[in-house]
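This report concerns one protein chain, shown below with its sequence.

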Amino acid sequence: MDSNDQAYMARALELARKGIYSTHPNPRVGCVIVRGGQIVGEGWHVRAGEPHAEVHALRQAGNLARGATAYVTLEPCSHHGRTPPCADALVTAGVARVVAAMQDPNPQVAGRGLKRLADAGIDVQSGVLEADARALNVGFIKRMEQGLPFVRVKLAMSLDGRTAMASGESQWITGPEARAAVQRLRARSSVVLTGADTVLADGARLTVRPDELGLNAELTALALSRPPLRVLVDGRLRVPLDAPFFQAGPALVATCAAVESGEPFKAAGHELLCVPGMDGQVDLRQLLRELAARGASEVLVEAGPRLAGAFASAGLVDEYQLFVAAKFLGSSARPLLDWPLARMAEAPELKILEMRAVGDDWRVIAVPRRDS
C-alpha cells in the first residue's frame with residue numbers, strides 16, 4: 001500500500017468525521033482530490049439530501065479534477081437517490097484514478113459504483129485504511145448487512161460497580177467531563193433509548209444539551225440540527241404524559257399495549273409503536289428491527305439495570321461504554337446490570353478496546369467476545 005495513498009485517505013477520513021453528528025441516516029463520507037502531489041479539492045457529506053462528499057470535492061477542484069486521483073472513504077454511489085450518482089460525477093469530471101477505503105454495504109451499491117468507474121476506464125483501488133473506514137460507520141454497515149442497528153449501552157458506575165443509591169439517587173456519579181462525553185454519544189446516535197424505570201425514577205429527558213457538548217460552534221450547530229430520536233420502552237404505559245421526558249419534545253414509545261391507547265400520545269405530538277412481547281415486556285430484537293427499518297444506524301441505550309440487563313442477556317449489545325467514578329456507593333446501592341448468572345461458565349467475556357481518563361473519571365469501551 002502506497003504511503004501517499006494512506007496519507008490522503010487519512011485526510012479523507014478526518015473530513016468524514018466532521019459529519020459524525022449530522023449525516024443520519026446516511027454514512028459519514030469524506031473525499032480528497034489530488035493532482036500532481038497537491039490536494040486540489042476536499043469535501044465531506046454534511047446532511048442527508050444534500051450533496052455527497054465527492055460532489056463538494058469536485059466543485060472545489062474544478063478543472064483540476066481532470067487526470068487527478070480521488071480518495072473516498074466509501075465506494076461512490078451508483079444509484080439515483082435524493083442526489084445523483086457520485087460515480088457518474090467522477091466519470092464526468094475526468095478523474096484518472098479512484099481509491100476507496102471500502103466497498104459500500106448498501107445492496108443498491110455493493111460494488112456497482114466501483115464497476116461503473118472501472119468500465120469508464122478509471123483506475124480503481126479499494127481497501128485503503130478499510131478498518132478505520134468501517135469503524136466510522138459501524139452502525140450503517142450493520143444496518144445494511146443485518147437489518148439491525150449498532151447498539152451501544154452507556155453505563156455510569158462507581159468503583160464497586162453500583163449505579164445509584166438504594167433510594168434511586170444517582171446524580172451525579174461522574175463528573176462534567178464524563179457527562180460531556182455522554183452528550184456527544186447522544187448527539188452522534190440515531191436513537192437514544194431508555195426505559196420506564198429510568199424516566200420515572202430520574203425524571204430523565206435524554207436530550208442533547210448544547211452547553212455540555214464541548215464542541216466548536218460548527219459541530220454544535222450540526223449536532224443540534226439533527227437531534228436523535230428519543231425512544232421510551234414502556235411495555236405497560238406506566239409513564240404519564242406530563243413526565244419531563246414527554247415535555248422535552250416528540251418521542252416514540254415502544255409498548256405492548258393495545259394500539260387504541262395511542263390517541264393521547266398522538267395528540268401530544270408523540271408516536272406509540274406497538275411491539276410484540278410477553279408479560280408486558282417488549283421484544284427488544286423486534287424493536288431494533290423496526291428502528292433499523294426507519295433508518296436508525298446507531299442506538300444508544302441509557303437505561304437502568306433491568307433494561308440494560310435485558311439487552312445484554314439477549315445478546316443485543318455491540319459495545320459497552322462504561323464511565324467509572326472514583327467512589328464507592330456501598331453494598332446496598334443498585335447493581336450495574338440486572339442479569340442473574342448462576343455459574344462462572346455463564347459469565348460473558350468482554351474485550352476492552354479502550355481505557356482512558358475522562359476528567360476525574362475513567363472511560364472503558366468494551367465489546368462482547370462473540371466466540372466466548
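The text proceeds from the overall model to its strands, its cores and one loop residue.

**Model and confidence**

The structure is a predicted model, in which local features need pLDDT of at least 70, side-chain atom pairs count only at pLDDT 80 or more, and totals for chains, interfaces and linings use all residues. Residues are numbered from 1 along each chain as its sequence is written, and side-chain values use heavy atoms, with hydrogens and water left out. The mean pLDDT of the protein chain is 90, and 95% of the residues score at least 70; pLDDT is the predictor's confidence in each residue, from 0 to 100. Among the elements, the lowest mean pLDDT (78) belongs to strand S16 (residues 334-335) and the highest (98) to strand S14 (residues 298-301). Where pLDDT is low, predicted coordinates should not be read in detail.

**Overall form**

The protein chain contains 13 helices and 18 strands, both taken as DSSP runs numbered from the N terminus (helices H or I, at least four residues; strands E, at least two). Its radius of gyration is 23 Å, which agrees with the value near 21 Å for a compact globule of 372 residues; the radius is taken over C-alpha atoms, and the globule rule is 2.2 Å times the number of residues to the power 0.38. The C-alpha trace spans about 70 × 45 × 40 Å along its principal axes. Buried residues account for 51% of the 372 residues, where buried means under 20% relative accessible area, exposed over 50%, and partly exposed in between (1.4 Å probe, protein chains only). Of the contacts (heavy atoms within 4.5 Å) with a separation of 6 or more, 69% are between residues 24 or more positions apart.

**Two enclosed strands**

Strand S8 (residues 191-195) is largely enclosed by the rest of the structure, because 5 of its 5 residues are buried. Val191, Leu193 and Gly195 are buried on one side of S8, and Val192 and Thr194 on the other. In strand S1 (residues 30-35), 5 of the 6 residues are buried, so S1 is also largely enclosed. The pairings of both strands are listed below; two strands pair if DSSP finds at least two bridges between them.

| Strands | Sense | Bridges |
|---|---|---|
| S8 and S9 (residues 229-233) | parallel | 5 bridges |
| S8 and S14 | parallel | 3 bridges |
| S1 and S2 (residues 38-44) | antiparallel | 6 bridges |
| S1 and S3 (residues 69-72) | antiparallel | 4 bridges |

Within S8, Val191 has Leu229 of S9 as its bridge partner, while Val192 has Leu300 of S14. In S1, Ile33 stands opposite Gly41 in S2, and Val34 stands opposite Thr69 in S3. The hairpin of S1 and S2 has 2 residues between the strands, and Gly36 takes a positive phi near 60° there.

**Nonpolar cores**

A nonpolar core is a set of buried Ala, Val, Leu, Ile, Met, Phe, Trp, Tyr and Cys residues joined through side-chain atoms within 4.5 Å. The largest has 43 residues, of which Met9 and Ile33 touch the most other members. Helix H1 (residues 3-16) gives the most to this core, with 6 residues. Apart from this core lies another, of 33 residues, including Val231, Leu287, Leu288 and Ala312. Leaving aside neighbours within four places in sequence, the contacts of Ile33 include Gln38, Val40, Leu58 and Ala65.

**A loop glycine**

Gly121 lies in the loop between helix H4 (112-119) and strand S5 (123-126). Gly121 is exposed, with a relative accessible area of 63%. Gly94 is 27 residues away along the chain, and the C-alpha atoms of Gly121 and Gly94 are 10.0 Å apart.
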